[in-house]
Amino acid sequence: MAQQETDQQAEQQVNDGFVVDTEDCEAREEAYRARGTARPITVVGNPVLHKECKDVTEFGPELAQLIDDMFASQKAAEGVGLAANQIGVDLKVFVYDCPDDDGVRHTGVVCNPVLEELPADRRVLDDGNEGCLSVPTAYAELARPDYAVVHGQDAEGNPIKVRGTGYFARCLQHETDHLYGYLYIDRLSKRDRKDALRQMEEGTPRYETVPNA
């Protein structure tokens, strides 16, 4: 019965035009990671993080290798999402390996993401705690919609839609922001932003970072 329900849910997702990103997550993530090499993480102040990234226009071996390296880097830093500019690459692509609030794991890749504007009746804000690999050791509460839809392309250039709720919705919004030059601290009040930067200054990253020039 449970398997039948899962199959029906997956079929419904396909029919709705949304990517199915909940199947074989562990195997897919391990395969990406096995082919990739972890790279150091850029941190706030690095110019690549503070400008809109370039569109992905070439969907070939170089992009595939970048995606593998991003999964390896994400795992090494113990993150749930990673944008290309967080490893210094000026391209609109992010990867994710993130649970939603129901504990369902989502794993995938989005190139050239565009966040869908939600109608007013779908905008329910969640005042959740948020952190970022590019602002290591710092956390702050930030209100974001608890539902998100991102349009983009997969690693082969095919159009896709990804949707998320709860924590996963936060991840989709956070990573899309990165590729347009925004960190989560840019959405905080001046006081909370200052506090987050203080936390970062006082903390020690658990992963390798790129020193700012």
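## Strands, salt bridges and rings in a predicted model

In S7, Val-162 is the bridge partner of Val-150. Before going further, a word on the ground rules. This is a predicted model, in which local features need pLDDT of at least 70 and side-chain atom pairs count only at pLDDT 80 or more, while totals for chains, interfaces and linings use all residues. Residues are numbered from 1 along each chain as its sequence is written, and side-chain values use heavy atoms, with hydrogens and water left out. Helices (H or I, at least four residues) and strands (E, at least two) are DSSP runs, numbered from the N terminus.

**Around strand S6**

Back to the sheet. Two strands pair if DSSP finds at least two bridges between them. S6 and strand S7 (residues 159-165) run antiparallel and are joined by 7 bridges. The two form a hairpin with 5 residues between them, and Gly-157 in the turn has a positive phi of about 95 degrees. S6 also runs antiparallel to strand S3 (residues 105-115), with 3 bridges joining them. Here Leu-115 has Val-150 as its bridge partner in S6. How covered is strand S6 (residues 147-153)? Mostly: 5 of its 7 residues are buried. Buried means under 20% relative accessible area, exposed means over 50%, and partly exposed lies in between (1.4 Å probe, protein chains only).

**Charged pairs**

A salt bridge is a side-chain nitrogen of Lys or Arg within 4 Å of a carboxyl oxygen of Asp or Glu. The structure holds 17 salt bridges, and the table picks out some of them.

| Pair | Closest N to O |
|---|---|
| Glu-29 and Arg-33 | 2.8 Å |
| Arg-144 and Asp-177 | 3.2 Å |
| Asp-186 and Arg-193 | 3.6 Å |

Glu-29 and Arg-33 are 4 residues apart in helix H2 (residues 25-35), so about one helical turn separates them. Glu-29 is buried at 3% relative accessibility, whereas Arg-33 is partly exposed at 28%.

Arg-144 forms a salt bridge with Asp-177. Arg-144 lies in strand S5 (residues 135-145) and Asp-177 in helix H4 (residues 166-179), so this pair ties together parts that are 33 residues apart in sequence. Both ends are covered: Arg-144 counts as buried at 5% relative accessibility, and Asp-177 counts as buried at 10%.

Asp-186 and Arg-193 sit further out in the open, if only partly: Asp-186 counts as partly exposed at 31%, as does Arg-193 at 28%. Which residues do shared salt-bridge partners join into one network? They are Asp-126, Glu-130, Arg-144, Arg-170, Asp-177 and Arg-187.

**Rings**

Rings of Phe, Tyr and Trp (its six-membered ring) pair if their centres lie within 6.5 Å; planes under 30 degrees apart count as stacked, over 60 as edge-to-face and the rest as tilted. A search of the whole structure turns up 3 aromatic pairs. In one of them, Tyr-32 and Phe-71 are stacked, 4.2 Å centre to centre with 5 degrees between the planes. Since Tyr-32 lies in helix H2 and Phe-71 in helix H3 (residues 61-76), the pair ties together parts that are 39 residues apart in sequence. Tyr-32 and Phe-71 are both buried.

Tyr-96 and Phe-168 make a tilted pair, 5.1 Å centre to centre and with 45 degrees between the planes. Tyr-96 is in strand S2 (residues 93-99) and Phe-168 in helix H4, so this pair ties together parts that are 72 residues apart in sequence. Tyr-96 and Phe-168 are buried too, and ring pairs link them with Phe-94 into a cluster.

Charges meet rings as well. A charge sits over a ring if NZ of Lys or CZ of Arg is within 6 Å of the ring centre and within 35 degrees of the ring normal. The charged end of Lys-161 sits over the ring of Phe-18, 4.5 Å from its centre. Likewise, the charged end of Arg-187 sits over the ring of Tyr-182, 5.7 Å from its centre. Arg-187 also belongs to the salt-bridge network.

**Cysteines**

How many disulfides does the structure hold? It holds 0, a disulfide being a pair of cysteine sulfur atoms within 2.5 Å. For Cys-53, the closest cysteine sulfur is in Cys-111, 12 Å away and so too far for a bond. The sulfur of Cys-171 has its closest cysteine sulfur in Cys-98, and 4.2 Å is still too far for a bond. Cys-53 is buried at 4% relative accessibility, and Cys-171 is buried at 5%.
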